[in-house]
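Student: Could we go through this structure slowly, with the reason for each label spelled out as we meet it?

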Amino acid sequence: MSTTQNEKCKGKHFTWSKPVSHMLLEILAEEALKGNKPSSTFRAESFVKVATEISQKFNVQCEPKHVDNHLKTVKKEWGIITKLKNKSGFGWDDCLKMITVSKDVYDEEVKAHPNHDKYLNKKLDMYEAMTIVVGKDMATGNYAKSYADVNLEENTEEQSISIENEGEYEETSKGKETSSSSMQKRQHRKRNRMYEDDGVEKLSKQIGDVAVAIQSLSKNQLMLMRCMRKS
C-alpha cells in the first residue's frame with residue numbers, strides 16, 4: 001500500500017491517520033485479551049508488535065515509542081467520552097455507540113468546547129476496542145486522578161485511625177463473642193443429637209415393621225404351599 005501524507009514520519013513525530021489508529025486499537029485489544037496487559041500498561045512486546053505491523057501494512061516507519069505516545073492520546077479521548085456520557089442532559093445509545101444530545105445541549109457544549117463536536121450525535125468509531133484497551137484503566141483510576149481520588153488520599157490517615165479504633169473494639173469484644181459462640185455451638189450440637197436420636201428411633205421402627213411384614217408374608221406363603229401339596 002502506498003504511503004500517504006497522513007502516515008509519513010516527520011522527524012521524531014508520527015502522524016496518525018484514522019486507519020492507522022484503528023489498526024493500533026485492534027492489535028492492542030487482541031493483546032489485552034491474550035493477557036498481555038497484566039496491569040494498566042501493556043507489555044513492551046505488544047508495542048513492538050503494533051509498530052511492526054503498522055510499518056509493514058502502511059509502508060511507514062512506526063516505532064514502539066510512537067505507539068506509546070498515541071495510546072496516551074487515546075486515553076485522553078476516552079476520558080472525554082466518559083465525562084460526556086455522564087453529564088446531565090446527555091444520553092447514550094448503546095446500539096449505535098453514540099452520545100445523544102438535543103440541539104440546544106449540542107450548541108452549548110460545542111460553544112464551550114469546539115473539539116467535542118466529533119463525540120456528539122455521531123457513532124464512536126472503535127468504541128468496543130477502546131473499552132478493552134483503555135476503558136478498564138479509566139474505570140480503576142490508573143490513568144488520571146479524579147477529584148474523588150485526591151480526596152480519598154487526603155482522608156487516608158483519618159480512615160487508618162478509624163480502622164485502628166475498630167480493631168481495638170474488636171479485641172475487647174472478642175472474649176464475649178467467643179463465649180457466646182461456644183454456647184451457641186453446644187446448643188446446636190445438642191439439638192443435632194436429639195434430631196439424630198429421634199431419626200434413629202423412627203428408622204428402627206420402620207425396619208421392624210418391614211421385618212414383621214416379611215415374616216408374615218413368609219408364613220402365609222409357607223401355609224399356601226403346604227395346602228397345595230396336601231391337595
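What follows is a conversation about how the labels in this structure are justified.

Student: Before the labels, what kind of model is this, and which elements does the protein contain?

Tutor: This is a predicted model, and its secondary structure comes to 7 helices and 4 strands. From the N terminus on, the elements run β-β-α-α-α-β-β-α-α-α-α. Of the 231 residues in the protein, buried ones make up 24%.

Student: Why is Phe42 called buried?

Tutor: The label buried needs a relative accessible area under 20%, and Phe42 has a relative accessibility of 6%, so Phe42 counts as buried. The reasoning for Phe47 runs in parallel, since its 10% relative accessibility makes it count as buried.

Student: How do you know that the rings of Phe42 and Phe47 form a pair, and what makes the pair tilted?

Tutor: Rings pair if their centres lie within 6.5 Å, and the centres of the Phe42 and Phe47 rings are 6.3 Å apart. For the second part, planes under 30 degrees apart count as stacked and planes over 60 as edge-to-face, with the rest called tilted; the planes of Phe42 and Phe47 stand at 45 degrees, so the pair is tilted. Phe47 itself lies in helix H2, residues 44–58, and its C-alpha atom is separated by 8.2 Å from that of Glu63, which is 16 residues apart from Phe47 along the chain.

Student: What makes the pair of Trp78 and Tyr127 tilted?

Tutor: Stacked planes would have to be under 30 degrees apart, whereas the planes of Trp78 and Tyr127 are at 35 degrees, with the ring centres 5.2 Å apart, so this pair is tilted. The pair links distant parts of the chain, because Trp78 is in helix H3 and Tyr127 in helix H5 (residues 127–140), 49 residues apart. Both Trp78 and Tyr127 are buried.

Student: Which residues do ring pairs link into a cluster, and how many aromatic pairs are there by this rule?

Tutor: Ring pairs link Trp78, Trp92 and Tyr127 into a cluster, and the count comes to 4 aromatic pairs.

Student: How do you know that the charged end of Lys85 sits over the ring of Trp92?

Tutor: Part of the test is that the NZ atom of a lysine is within 6 Å of the ring centre, and the other part is that it is within 35 degrees of the ring normal. The charged end of Lys85 is 4.3 Å from the centre of the Trp92 ring, and it is listed as sitting over that ring.

Student: Why is Ser88 called exposed, while Lys122 is called partly exposed?

Tutor: Exposed means over 50% relative accessible area, and partly exposed means between 20% and 50%. Ser88, at 73%, therefore counts as exposed, and Lys122, at 37%, counts as partly exposed. Ser88 lies in the loop between H3 and E3, and Lys122 in the loop between H4 and H5. Computed along the sequence, Lys122 and Ile99 are 23 residues apart, but C-alpha to C-alpha they are 7.0 Å apart in space.Student: What makes the phi of Lys97 worth a remark?

Tutor: Most residues other than glycine have a negative phi. The phi of Lys97 is near 55 degrees, a positive value in a residue other than glycine. Lys97 is found in the loop between strand E3 (91–93) and strand E4 (98–100), and at 13% relative accessibility it counts as buried. Met126 also has a positive phi, of about 60 degrees, although it is not a glycine, and it is found in the loop between helix H4 (103–112) and H5.

Student: How do you know that the span of helix H1 is close to what is expected?

Tutor: The expected span is 1.5 Å times one less than the number of residues. H1 has 16 residues, for which 22 Å is expected, and it reaches 23 Å from its first C-alpha to its last, which is close to that value. Among the buried residues of H1 are Val20, Leu24, Ile27 and Leu28, and just after H1, Gly35 takes a positive phi of about 95 degrees.

Student: What is the volume of the largest pocket, and which residues are closest to its centre?

Tutor: The largest pocket has a volume of about 430 Å³. Of the 17 residues that line it, Lys18, His22, Glu77, Lys118 and Asp125 are the closest to its centre. Helix H1 (18–33) and helix H3 (64–85) each supply at least two residues of the lining, which by class has 8 nonpolar, 4 polar and 5 charged residues.

Note on methods:
Residues are numbered from 1 along each chain as its sequence is written. This is a predicted model: local features need pLDDT of at least 70, side-chain atom pairs count only at pLDDT 80 or more; totals for chains, interfaces and linings use all residues. Side-chain values use heavy atoms; hydrogens and water are left out. On a 1 Å grid over the protein atoms alone, a cavity is a set of points where a 1.4 Å probe fits but cannot get out, and a pocket is an open set with protein on both sides within 12 Å along at least five of seven lines; lining residues have an atom within 4 Å of a point. Grid points are joined across faces, edges and corners, and a volume is the space filled by probe spheres set on the points. Ala, Val, Leu, Ile, Met, Phe, Trp, Tyr, Cys and Pro count as nonpolar, Asp, Glu, Lys and Arg as charged, and the others, Gly among them, as polar. Buried means under 20% relative accessible area, exposed over 50%, partly exposed in between (1.4 Å probe, protein chains only). Rings of Phe, Tyr and Trp (its six-membered ring) pair if their centres lie within 6.5 Å; planes under 30 degrees apart count as stacked, over 60 as edge-to-face and the rest as tilted.
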